[in-house]
Amino acid sequence: MPLIELSLGWLILADVVAWAIFHLGISYCVFKIPSQWFIFQSRLFRSFHFERNGELWQQIFRIKGWKQRLPDGTMFFKSAYNKQSLHGFDSSSLARFVIESRRAEMTHWLSIIPAPLFLLWNPAEAFWANVAYAVLFNIPFILAQRYNRPRIERLIIQKQNKSRAMLFR
């Protein structure tokens with residue numbers, strides 16, 4: 001039984017507005033976290049062994065076929081980093097992509113957390129629909145980051161190894 005009783009129309013409006021506020025608020029807060037934090041907290045974003053450097057997600061969900069259709073946060077924050085494509089293949093551009101991938105993953109994990117609040121004004125069925133929305137909306141973005149990032153990190157390591165080899169020639 002919700003604490004606040006709303007008619008269906010007001011319930012839908014409240015849910016849409018609440019999700020918009022949560023998504024944009026969380027995105028803005030994570031956008032404001034300095035990039036250095038994502039460098040120092042890299043352990044939070046490591047691939048698990050079972051993910052096989054992201055290949056598991058391609059194998060199960062065929063991510064390559066749909067990841068480019070996901071909207072990017074730059075549609076709301078113009079100065080944000082657009083992750084639709086690489087901005088260059090130099091080490092600096094690749095490292096920036098990794099940082100912004102970590103930022104995106106964190107944003108989408110945090111965007112699931114407010115779902116329990118919807119119990120305050122939603123009946124059980126609508127509450128579970130909101131939980132499903134939170135998970136189903138955010139998981140594709142998380143998986144895309146967990147697929148892309150290990151590939152870019154491997155590319156950075158290859159470039160570092162190549163430049164080390166060039167030094168000893």
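## Core, aromatic pairs and helix packing

Phe-127 touches five residues beyond its sequence neighbours up to four places away: Ala-115, Pro-116, Phe-118, Leu-119 and Asn-122. The model is predicted.

Phe-127 also belongs to the largest nonpolar core. This core has 12 residues. Leu-11, Ala-18 and Trp-19 are among them, as are Ile-112, Ala-115, Phe-118 and Trp-121. The list is completed by Ala-126, Phe-127, Val-131, Ala-134 and Ile-142. Two elements, α1 and α5 (124–167), give two or more residues each to the core. The largest share, 5 residues, comes from α5.

What does Asp-15 contact, leaving aside neighbours within four places in sequence? Its partners are Phe-118, Trp-121, Asn-122 and Asn-130. Phe-118 and Trp-121 are members of the largest nonpolar core. Asn-122 is also touched by Phe-127. The side chains of Asp-15 and Asn-122 are joined by a polar contact of 2.9 Å. Asp-15 itself sits in helix α1, which spans residues 8–31. Is Asp-15 buried or exposed? Its relative accessibility is 9%, under the 20% limit, so Asp-15 counts as buried.

Next, the aromatic residues. The structure holds 13 aromatic pairs. In one of them, the ring centres of Phe-137 and Phe-141 are 5.4 Å apart. Their planes meet at 45°, so this pair is tilted. Phe-137 and Phe-141 are 4 residues apart in helix α5, so about one helical turn separates them. Their accessibility classes are set out below, with Asp-15 alongside.

| Residue | Relative accessibility | Class |
|---|---|---|
| Asp-15 | 9% | buried |
| Phe-137 | 31% | partly exposed |
| Phe-141 | 8% | buried |

Phe-137 and Phe-141 also belong to one aromatic cluster, together with Trp-19, Phe-22, Phe-118, Trp-121 and Tyr-133. Trp-19, Phe-118 and Trp-121 appear in the largest nonpolar core too.

Helix α1 also packs against helix α4 (residues 91–110). The angle is about 145°, and the axes lie 9 Å apart. Which residues make this contact? From α1 come Ile-26, Ser-27, Val-30 and Phe-31. From α4 come Arg-103, Met-106, Thr-107 and Leu-110. The α1 and α4 crossing is right-handed.

Helix α1 thus recurs in this account. It holds Asp-15, gives residues to the largest nonpolar core and packs with α4.

Conventions. Residues are numbered from 1 along each chain as its sequence is written. This is a predicted model: local features need pLDDT of at least 70, side-chain atom pairs count only at pLDDT 80 or more; totals for chains, interfaces and linings use all residues. Side-chain values use heavy atoms; hydrogens and water are left out. Buried means under 20% relative accessible area, exposed over 50%, partly exposed in between (1.4 Å probe, protein chains only). A polar contact is a pair of N or O atoms within 3.5 Å; within protein, one must be able to donate a hydrogen and the other to accept it, and residues adjacent in sequence count only if both atoms are side-chain atoms. Contact means heavy atoms within 4.5 Å. A nonpolar core is a set of buried Ala, Val, Leu, Ile, Met, Phe, Trp, Tyr and Cys residues joined through side-chain atoms within 4.5 Å. Rings of Phe, Tyr and Trp (its six-membered ring) pair if their centres lie within 6.5 Å; planes under 30 degrees apart count as stacked, over 60 as edge-to-face and the rest as tilted. Axes are lines fitted to C-alpha atoms, for helices over the stretch in contact, and angles run from 0 to 180 degrees between N-to-C directions. A crossing is left-handed if the near helix is turned anticlockwise from the far one by less than a right angle, and right-handed if clockwise.
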